[in-house]
Amino acid sequence: MPIANGFLSPSQFADEYFFELQVAFCHECGMVQLVEQVPPEKMFHENYAFFSSTSAGMAIHFKELADLIMRDYLKSSDPFVVEIGSNDGITLQHIAGAGLRHLGIEPSLNVAQAAMDKGVQTLCNFFDEDLSREILSEHGQADVFLGSNVMCHIPDLPSVFAGIKILLKPNGVLIFEDPYLGDIVEKTSYDQIYDERVFYFALKSISHLGEQHGLEVVDLMPQGVHGGSMRYEVAHKGARTVSATVARQLAKEETLGLHKPDTYRRFRHNIERSRDDLMGLLHDLSQQGKRVVGYGATSKSTTVTNYCGITPDLVEFISDTTPIKQGKFSPGAHIPVRPYEEFVADYPDFALLFAWNHAAEIMAKEENFRRAGGQWLVYVPRVKVLK
Ligand code: TYD
């Protein structure tokens with residue numbers, strides 16, 4: 001597999017980086033993770049292609065998170081909020097806007113700059129235990145420590161949790177969310193698996209990780225974003241009441257079979273079937289002379305196009321609203337990425353919904369495509385054409 005967000009130009013094709021995407025499951029702690037890990041500097045840098053604020057739905061989701069934090073978690077006299085992977089400031093901009101002390105930590109300079117332009121105080125760096133000591137001496141301990149879709153990206157998670165242990169006030173909380181393993185397995189959404197995501201969390205693996213650092217999960221809440229995520233609330237062990245939801249979710253994971261190898265054998269079988277169905281359909285459409293365009297040059301699409309073997313003769317181009325991706329080619333499969341305006345100017349017969357996690361937002365926006373006779377092709381949870 002190539003780098004999922006490594007959109008490139010033809011002059012870079014010859015030197016494109018590839019690695020082996022293999023996923024493993026730990027029988028003891030239930031963690032699911034990549035075997036070979038791509039060095040973080042290859043993925044998160046000054047040309048990082050993912051800007052959080054490209055989706056209106058995500059902007060609403062993170063405003064609601066900021067509002068929740070300001071309402072329920074910042075009771076001290078001069079509260080301090082730290083966020084890792086703060087990207088373009090999609091959450092912290094609201095905390096900054098309210099005049100509250102905050103610090104974003106974001107290793108990709110271009111997105112960090114976008115946050116700073118919005119008035120979000122941002123440190124361009126990777127967070128670890130050493131950095132937590134520096135932050136502690138400069139700013140003191142945090143009431144709330146945030147991380148959205150970033151914890152699962154960090155190979156040295158023990159160092160991050162050790163840093164959080166140091167930086168969190170005695171009654172402080174770590175609130176983080178990532179795609180949930182239960183959703184990935186249930187929906188056969190194998191496209192959630194790519195280089196940036198080293199880990200695929202469930203409550204069991206997170207509880208085990210927390211325990212090793214004197215932290216515990218006190219609550220959790222499923223989230224509809226990113227195709228099914230889980231928000232975990234973690235505190236110093238014994239500092240807060242543990243919600244009954246925690247025991248309930250552990251039991252649910254047991255029922256789902258998330259801790260059994262057989263579940264992953266079935267997952268693999270389902271993935272292979274999904275690939276065969278999708279390729280069968282794309283070949284049929286191609287033989288019928290139909291035009292198919294990809295919608296959303298997501299990281300996830302890199303897994304789908306490369307795993308299934310989707311080539312530009314099957315999917316003409318991928319439409320995307322992110323300027324940095326436009327005019328480039330998709331990683332590995334080298335399908336052209338074109339501005340959204342080109343999709344609208346000449347609707348294809350079928351749009352392959354790579355940004356399926358934003359389906360509601362996109363379907364509402366694309367009524368004209370449908371009215372013009374366009375049809376959606378989806379592959380999660382099953383391959384089908386939406387009539
Ligand atoms: P997303 O599904 O959030 O991400 P990931 O990269 O984590 O798989 O990415 C959404 C991509 O889809 C992003 O490149 C912007 C693009 N997009 C559109 O082109 N149009 C849209 O209406 C939406 C919601 C997203």
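Which helices each supply at least two residues of the shell around the ligand? They are α11 (299-308) and α13 (359-365). The model is predicted, and this briefing covers the ligand site first and the aromatic pairs after that. Lys365 belongs to both topics: this lysine is among the residues that come nearest to the ligand, and its charged end sits over the ring of Tyr340.

**Shell around the ligand**

- There are 19 residues around the ligand, and those that come nearest are Ser299, Lys300, Asp320, Lys325 and Lys365.
- By residue class, the shell holds five nonpolar, nine polar and five charged residues.
- Helix α13 gives the most to the shell, with three residues.

**Lysine contacts and burial of the ligand**

- The side chain of Lys365 has an N or O atom 2.3 Å from an oxygen atom of the ligand.
- For Lys300, a polar side-chain atom lies 2.6 Å from an oxygen atom of the ligand.
- For Lys325, the distance between an N or O atom of the side chain and an oxygen atom of the ligand is 2.7 Å.
- The ligand exposes 560 Å² when taken alone, and the protein buries 98% of that.

**Aromatic cluster and Lys365**

- Tyr295, Tyr340, Phe343, Tyr347, Phe369 and Trp376 are linked into a cluster by ring pairs.
- The ring of Tyr340, a member of this cluster, has the charged end of Lys365 over it, 5.7 Å from the ring centre.

**Aromatic pairs**

- A pair of aromatic rings is described by the distance of the centres and the angle of the planes.
- The count for this model comes to 17 aromatic pairs.
- One of them is formed by Phe161 and Phe176, which are edge-to-face, with 6.4 Å centre to centre and 90° between the planes.
- Phe161 lies in helix α6 (residues 157-167) and Phe176 in strand β7 (residues 168-179), so this pair ties together parts that are 15 residues apart in sequence.
- Both Phe161 and Phe176 are buried.
- Phe199 and Phe201 form a stacked pair, with 5.9 Å centre to centre and 10° between the planes.
- Buried means under 20% relative accessible area, so Phe199, at 7%, counts as buried.
- Phe201 has a relative accessible area of 1% and is therefore buried by that cut-off as well.

How values were computed:
Residues are numbered from 1 along each chain as its sequence is written. This is a predicted model: local features need pLDDT of at least 70, side-chain atom pairs count only at pLDDT 80 or more; totals for chains, interfaces and linings use all residues. Side-chain values use heavy atoms; hydrogens and water are left out. Rings of Phe, Tyr and Trp (its six-membered ring) pair if their centres lie within 6.5 Å; planes under 30 degrees apart count as stacked, over 60 as edge-to-face and the rest as tilted. Helices (H or I, at least four residues) and strands (E, at least two) are DSSP runs, numbered from the N terminus. Buried means under 20% relative accessible area, exposed over 50%, partly exposed in between (1.4 Å probe, protein chains only). A charge sits over a ring if NZ of Lys or CZ of Arg is within 6 Å of the ring centre and within 35 degrees of the ring normal. A residue is near a molecule or strand if one of its heavy atoms lies within 4 Å of it. A polar contact is a pair of N or O atoms within 3.5 Å; within protein, one must be able to donate a hydrogen and the other to accept it, and residues adjacent in sequence count only if both atoms are side-chain atoms. Accessible areas come from the Shrake-Rupley method with a 1.4 Å probe; for residues, only the protein chains shown count as cover. Ala, Val, Leu, Ile, Met, Phe, Trp, Tyr, Cys and Pro count as nonpolar, Asp, Glu, Lys and Arg as charged, and the others, Gly among them, as polar.
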